[in-house]
4 protein chains.
Amino acid sequence: MAKKATPGTRKTPANTLTRGHKKKARTRRQLLDAALRIYAHAGVGDLALNTLAEEAGVSNGTVYNYFRSREEVLEAVGLELAVQLSEQILTVSEAVDSGAERLSIAVRTFMNKARTDPDWTRALITVVRYAEGMRSALATYLRADLQAGRRQGDFHYAHEEMAMSMVISATLGAMNLLVEDGEVEHADRIAAEMVLQALGVPAGEAGRIAGLPLPGEGG
Amino acid sequence: MAKKATPGTRKTPANTLTRGHKKKARTRRQLLDAALRIYAHAGVGDLALNTLAEEAGVSNGTVYNYFRSREEVLEAVGLELAVQLSEQILTVSEAVDSGAERLSIAVRTFMNKARTDPDWTRALITVVRYAEGMRSALATYLRADLQAGRRQGDFHYAHEEMAMSMVISATLGAMNLLVEDGEVEHADRIAAEMVLQALGVPAGEAGRIAGLPLPGEGG
Amino acid sequence: MAKKATPGTRKTPANTLTRGHKKKARTRRQLLDAALRIYAHAGVGDLALNTLAEEAGVSNGTVYNYFRSREEVLEAVGLELAVQLSEQILTVSEAVDSGAERLSIAVRTFMNKARTDPDWTRALITVVRYAEGMRSALATYLRADLQAGRRQGDFHYAHEEMAMSMVISATLGAMNLLVEDGEVEHADRIAAEMVLQALGVPAGEAGRIAGLPLPGEGG
Amino acid sequence: MAKKATPGTRKTPANTLTRGHKKKARTRRQLLDAALRIYAHAGVGDLALNTLAEEAGVSNGTVYNYFRSREEVLEAVGLELAVQLSEQILTVSEAVDSGAERLSIAVRTFMNKARTDPDWTRALITVVRYAEGMRSALATYLRADLQAGRRQGDFHYAHEEMAMSMVISATLGAMNLLVEDGEVEHADRIAAEMVLQALGVPAGEAGRIAGLPLPGEGG
DNA sequence: CATGAATGAGACTTCATTCAT
DNA sequence: TATGAATGAAGTCTCATTCAT
């Protein structure tokens, strides 16, 4: 057939260790990781399955041992991202009761993630745009904090869905700015402060909450 | 670029088509309008030139008399939308000096546009996502208002780019909510109020500004 | 891309005359003819559209300018064959009133067709097997003759559907024998005689009818 | 039957598997049975080895322990069906000497089989269409009856191959009608009568023979 | 022998683009 | 310029077959 490269077929002298035993789980992860890498550098529309296979180092047909269709790949990637998202959110702010503080921590965590892991962030933004369902996943975590903040007298918003929509959009917008246009000093605090203010927290209080040390930051 | 004629693209070199450019312009507009209609109901990835030609009522080959490639069509559509956007913005708030009020008017105008013209709104959102340059067009108008508001002591933001990014994202997010999830009472005022608050306007003042009658609303 | 042959694409120095004006109709016919040729030499399952395109001398995508899917190609080929079939049947036996004679003429005509045009016959057999609807087309013509023959006291059958099924099957079986196993002397008369007898025509009478000169045979 | 050896593919070199061939034979049978079930509900083209393995309850790789290729599976299925066919034919009409009666019994037996076991019948029809060699297997049994009937003065046919071809085709056609279009009263007798008449048996005599009680029918 | 993940050729289909009329 | 048939690269998906375990 005179192929030119045949990257992931038979010889693969280097990754013999990948030929182990938990192959199935490993391959699935390779595929999902590869998909996230592609998302980070291209749009959803550009996730071609042969590209995905190549990036994951498997052959064309292997993708279909794990997903029944292209659509299912996209779903799975979205789900994967949502799971990673949950971990981001749940790890942090476990011991915090204030809804405002929790929201601030969440916003700042995401902003910092955007700074330290632009690829993951780009993938997230891509998926959120594509899969409206992703927003629901985000909203689930958010809603509790919004309601807590309101109960606690910190938040004053007229319409919960609008509030959630704007918090999510604004945060993603800020993350996008960070990822695309480069560094901004204290971007995480600035973003958190604006979000808090948007929800009715007075400027001074918003600045104070946004300036609290992040849990685990040692301080 | 340096092509010699560039007939239907951008500059229309003034020597070629002094005659018969009437129909030409009309066909071009048909194509752009058709593209917007398609954008509204599908994504960018789904703008097939076949479909575009059919929607515009011309044959597929004709598209290439006006655009050199699909890419150029997308660019032109983005530009077209930017122009319509300018009209939206400039028409309104001409006689208003307060940056905060001007911003409020802009946000509310867009929100109302989202309510009354969902197709145009969907197209706008689609294009903004696709063409990052679109954000710049929006930012141009926005920056003046932000700076005015700050000069006038209404806005207090720490980082102008962050502020612009969040205003744009939040507004588009709110528009999207309106378009996809249906009616919200006073959505325009709620959105404006939140945006103003995010920029540091105290709650009461933000509510007052967001509640002012829109110019031309008769009131 | 380093393709190796690219067989049916551009050069084709011989059929420059096909580049004429009635291209569309011509191409469609090329495709249908090619499909029949393929049917004759392979089964329905082997009608790959790239094979079809190559056989027809057009490119891969051109097929889809004429048919929306592979399924539609198969349908169209079946229909085409049915039309040619009608012509076969209707041309002959126009002036004959006897149902038995008409049936005999039909059987013999098909048998002779099998002798003189094995490819067409193989294609017919292939399609009949594949598309059950084809049998209906045949049955339509047949039913009238069966009923006429019965009214005229020649046919005596207990169940019309069974009778039609057996006439069709038997005739196609005989055609298949002719096509696959070679020459048989007076195959047309033998087949007609057996079919008539199966329908209750006494042996002598069946032999007589089957031996009548065919219309247009000059005799 | 004479079948007990032939466990693996074709020749079974006699030295290899003198032990443990019990399970092997069982798996092979599972595969063949599964193939027949699939044939009954789909075409030959749809017999995917994946599906076959699943239907047989083994993994896809296992198929290749019993057959060297898909082609060989198809052959084996044809052979298997031929064997089952022999059983059908030989069981019946052992004590009958008249060729006409034997043929009548055979036709009626198959017709009844079509009524009581549509799956087997569909598989048979599928295989006959696919494997031309199957017709030979049928012809072998048939030829003896045809010749006996002719010797005994019952059959009068002009060409033995044509006669066999038509008997087989007509019977299969009638079976197909029964299987696809549902019940027909006395379908077996009607079919037998028509076949006998086709072979030159006078109507009354054909009716009488076709109406004889089937051996084992208790009559 | 059994398993089932991996492979890759090949089929179907879409669509941006070209070009003769 | 307008037309629309033709093109072919590229993508989605299937499935017979191989092979390490």
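These are my notebook entries on a predicted model, covering one chain, the way the copies pair, and some of the salt bridges.

**Entry 1: chain A by itself**

I began with the secondary structure of chain A, and I counted nine helices and zero strands. Reading along the sequence, I wrote the pattern down as α-α-α-α-α-α-α-α-α. I then looked up burial, and noted that 49% of the 219 residues of chain A count as buried. My next look was at contacts in chain A between residues at least 6 apart in sequence, and of these 66% join residues at least 24 apart.

**Entry 2: how chain A relates to chain B**

What rotation superposes chain A on chain B? I found a rotation of 179 degrees, with 0.1 Å of shift along its axis, and the RMSD of that superposition is 0.3 Å. The two copies are thus related as by a two-fold rotation axis. I also looked for the C-alpha of chain A nearest the axis, and this is the one of A:Ala198, which lies 1.9 Å from the axis. When I compared the interface residues of the two chains, 100% of those of chain A turned out to be interface residues in chain B as well, so the copies meet through the same surface.

**Entry 3: how chain D relates to chain C**

I repeated the search for chain D and chain C, and here a rotation of 179 degrees with 0.0 Å of shift along its axis superposes chain D on chain C, with an RMSD of 0.3 Å. In chain D, the C-alpha nearest the axis belongs to D:Ala198, at 2.1 Å from it. Again I compared interface residues, and 100% of those of chain D are also interface residues in chain C, so these copies meet through the same surface.

**Entry 4: the interface of chain D and chain C**

I stayed with this pair and looked at what makes up the contact, which takes 27 residues from chain D and 27 residues from chain C. Between them the two chains bury about 2400 Å², and 71% of this area is on carbon and sulfur atoms. Which three residues supply more than any other three to the area that chain D buries against chain C? They are D:Met162, D:Met166 and D:Met194, which together supply 27% of that area.

I then searched across the interface of chain D and chain C for charged pairs, and the rule finds zero salt bridges there. For polar contact, however, the rule finds five residue pairs, with both residues at pLDDT 80 or more.

On the side of chain D that touches chain C, I noted α7 (132–151), α8 (160–181) and α9 (187–198) of chain D as the elements that give two or more residues. Of these, α8(D) gives the most, with 11 residues. By class, I recorded 16 nonpolar, seven polar and four charged residues on that side of chain D.

**Entry 5: salt bridges within the chains**

Over all chains, a search of the whole structure finds 48 salt bridges, and I followed a few of them up.

In chain A, the side chains of A:Lys113 and A:Asp117 meet in a salt bridge, at 3.7 Å from N to O. Are these two partners buried or partly exposed? A:Lys113 counts as buried, because its relative accessibility of 17% is under the cut-off of 20%, whereas A:Asp117 is partly exposed, with a relative accessible area of 27%.

A second bridge in chain A joins the side chains of A:Glu161 and A:Arg143, at 3.1 Å from N to O. A:Glu161 lies in helix α7 (residues 160–181) of chain A and A:Arg143 in helix α6 (residues 132–151) of chain A, so the pair ties together parts that are 18 residues apart in sequence. I checked both for exposure: A:Glu161 counts as partly exposed at 31% relative accessibility, and A:Arg143 counts as partly exposed at 29%.

Turning to chain C, I found the side chains of C:Glu180 and C:Arg122 meeting in a salt bridge at 3.2 Å, N to O. This pair links distant parts of the chain, 58 residues apart, with C:Glu180 in helix α7 (residues 160–181) of chain C and C:Arg122 in helix α5 (residues 118–130) of chain C. C:Glu180 counts as partly exposed at 41% relative accessibility, and C:Arg122 is partly exposed as well, with a relative accessible area of 21%.

My last note is on a network of salt bridges, which links A:Arg29, A:Asp33 and A:Glu80.

Key: Residues are numbered from 1 along each chain as its sequence is written. Chains are lettered from A and ligands numbered from 1 in the order in which they are written. This is a predicted model: local features need pLDDT of at least 70, side-chain atom pairs count only at pLDDT 80 or more; totals for chains, interfaces and linings use all residues. Side-chain values use heavy atoms; hydrogens and water are left out. Copies are superposed by least squares on the C-alpha atoms of residues with pLDDT of at least 70 in both. Contact means heavy atoms within 4.5 Å. Buried area is the accessible area (1.4 Å probe) that two parts lose on being put together, summed over both. A salt bridge is a side-chain nitrogen of Lys or Arg within 4 Å of a carboxyl oxygen of Asp or Glu. A polar contact is a pair of N or O atoms within 3.5 Å; within protein, one must be able to donate a hydrogen and the other to accept it, and residues adjacent in sequence count only if both atoms are side-chain atoms. Helices (H or I, at least four residues) and strands (E, at least two) are DSSP runs, numbered from the N terminus. Ala, Val, Leu, Ile, Met, Phe, Trp, Tyr, Cys and Pro count as nonpolar, Asp, Glu, Lys and Arg as charged, and the others, Gly among them, as polar. Buried means under 20% relative accessible area, exposed over 50%, partly exposed in between (1.4 Å probe, protein chains only).
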